Amino acid sequence: MKVPQGYPGGKTEYKATLRALKMCLKEIKNPNEARDIEFFCEFPTRTSADKFALSAHQAGFSSLTLTEPDEDHPEYQVCAVVRIPVELDQIVRVEMRMHELADPAGGKYEGWGTLGDDP
């Protein structure tokens, strides 16, 4: 397994992406068909979460949702949605963009997901 050049999450995150993709591909009929994919980032403050949400919206992400901290997740979580095919290169490209947007806002990228076979 070779981690793509410039991939900011390192080998551990890349392996997690490959596992998630493998599970996802078992559930969908046509991975080449674009569908909504959610990418999650966490932030220590509401201000940093809002800064990221604005940057993500300006970068073309839609359906941004903010989850307030709770006992299971002590940080603010923002879900950014983009419509793309479920393909490794597409997922990795967006993951790299999530890092680029989250890092300056003091956040961290946490992963992605989609709702099975619901294009």
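Okay, before anything else, a word on names: helices here are DSSP runs of H or I with at least four residues, strands are runs of E with at least two, and the numbering goes from the N terminus. Also, please keep in mind that this is a predicted model.

With those names in hand, let's begin with Thr 114. Where does Thr 114 sit? You'll find Thr 114 in the segment that follows β4, and β4 itself covers 108-113. Is Thr 114 buried or exposed? Its relative accessible area is 18%, and the cut-off for buried is under 20%, so Thr 114 counts as buried. Now look at what its side chain is doing: the Thr 114 side chain reaches the backbone oxygen of Asp 36 at 2.8 Å. If you skip the neighbours within four places in sequence, the contacts of Thr 114 are Cys 24, Arg 35, Asp 36 and Ile 37. So Asp 36 turns up in that contact list as well as in the side-chain-to-backbone pair.

Right, on to the helices. When two helices pack, you describe them by the angle between their axes and the distance between those axes. Take α1, residues 10-27, and α3, residues 88-102: their axes are 11 Å apart, and the packing angle is about 135 degrees. Anything between 115 and 145 degrees falls in the oblique class, so α1 and α3 are oblique to each other. The crossing of α1 past α3 is right-handed. Which residues do the touching? On the α1 side we have Glu 13, Tyr 14, Thr 17, Leu 18 and Leu 21, and across from them, in α3, are Leu 88, Ile 91, Val 92, Glu 95 and His 99. Sort the residues of that α1 and α3 contact by class and you get 6 nonpolar, 2 polar and 2 charged.

While we're on α1, let me point at two more of its residues. Gly 10 is in α1, and at 26% relative accessibility Gly 10 is partly exposed. Gly 10 and His 73 are 63 residues apart along the chain, with 23 Å between their C-alpha atoms. Then there's Lys 26, also in α1, which is exposed at a relative accessible area of 67%. From Lys 26 to Asp 50 you go 24 residues along the chain, and their C-alpha atoms are separated by 35 Å.

Next up, α2, residues 46-58, which packs on α3: the axes come within 9 Å and cross at roughly 135 degrees. That angle makes α2 oblique to α3. And which hand does the crossing of α2 and α3 have? Right-handed. Here α2 brings Phe 52, Ser 55 and Ala 56, while α3 brings Met 98, Leu 101 and Ala 102. By class, the contact of α2 with α3 comes out as 5 nonpolar, 1 polar and no charged residues.

Let's stay with Ala 56 for a second. Ala 56 belongs to α2, and its relative accessible area is 0%, so Ala 56 is buried. Leaving out residues up to four places away in sequence, Ala 56 touches Phe 61, Leu 64, Ala 80 and Leu 101. Ala 56 and Gln 77 sit 21 residues apart in sequence, and C-alpha to C-alpha they are 13 Å apart.

Last stop, Val 94, over in α3. Val 94 has 3% relative accessibility and therefore counts as buried. What does Val 94 contact, apart from neighbours within four places in sequence? Phe 39, Phe 61, Val 82 and Ile 84. Phe 61 may ring a bell, since Ala 56 touches Phe 61 too. And for Val 94 and Thr 65, the spacing is 29 residues in sequence and 17 Å in space, C-alpha to C-alpha.

That's my tour, folks. Happy to rotate the model for anyone who wants another look.

Terms used:
Residues are numbered from 1 along each chain as its sequence is written. This is a predicted model: local features need pLDDT of at least 70, side-chain atom pairs count only at pLDDT 80 or more; totals for chains, interfaces and linings use all residues. Side-chain values use heavy atoms; hydrogens and water are left out. Axes are lines fitted to C-alpha atoms, for helices over the stretch in contact, and angles run from 0 to 180 degrees between N-to-C directions. Angles under 35 degrees count as roughly parallel, over 145 as roughly antiparallel, 65 to 115 as roughly perpendicular and the rest as oblique. A crossing is left-handed if the near helix is turned anticlockwise from the far one by less than a right angle, and right-handed if clockwise. Contact means heavy atoms within 4.5 Å. Ala, Val, Leu, Ile, Met, Phe, Trp, Tyr, Cys and Pro count as nonpolar, Asp, Glu, Lys and Arg as charged, and the others, Gly among them, as polar. Buried means under 20% relative accessible area, exposed over 50%, partly exposed in between (1.4 Å probe, protein chains only). A polar contact is a pair of N or O atoms within 3.5 Å; within protein, one must be able to donate a hydrogen and the other to accept it, and residues adjacent in sequence count only if both atoms are side-chain atoms.
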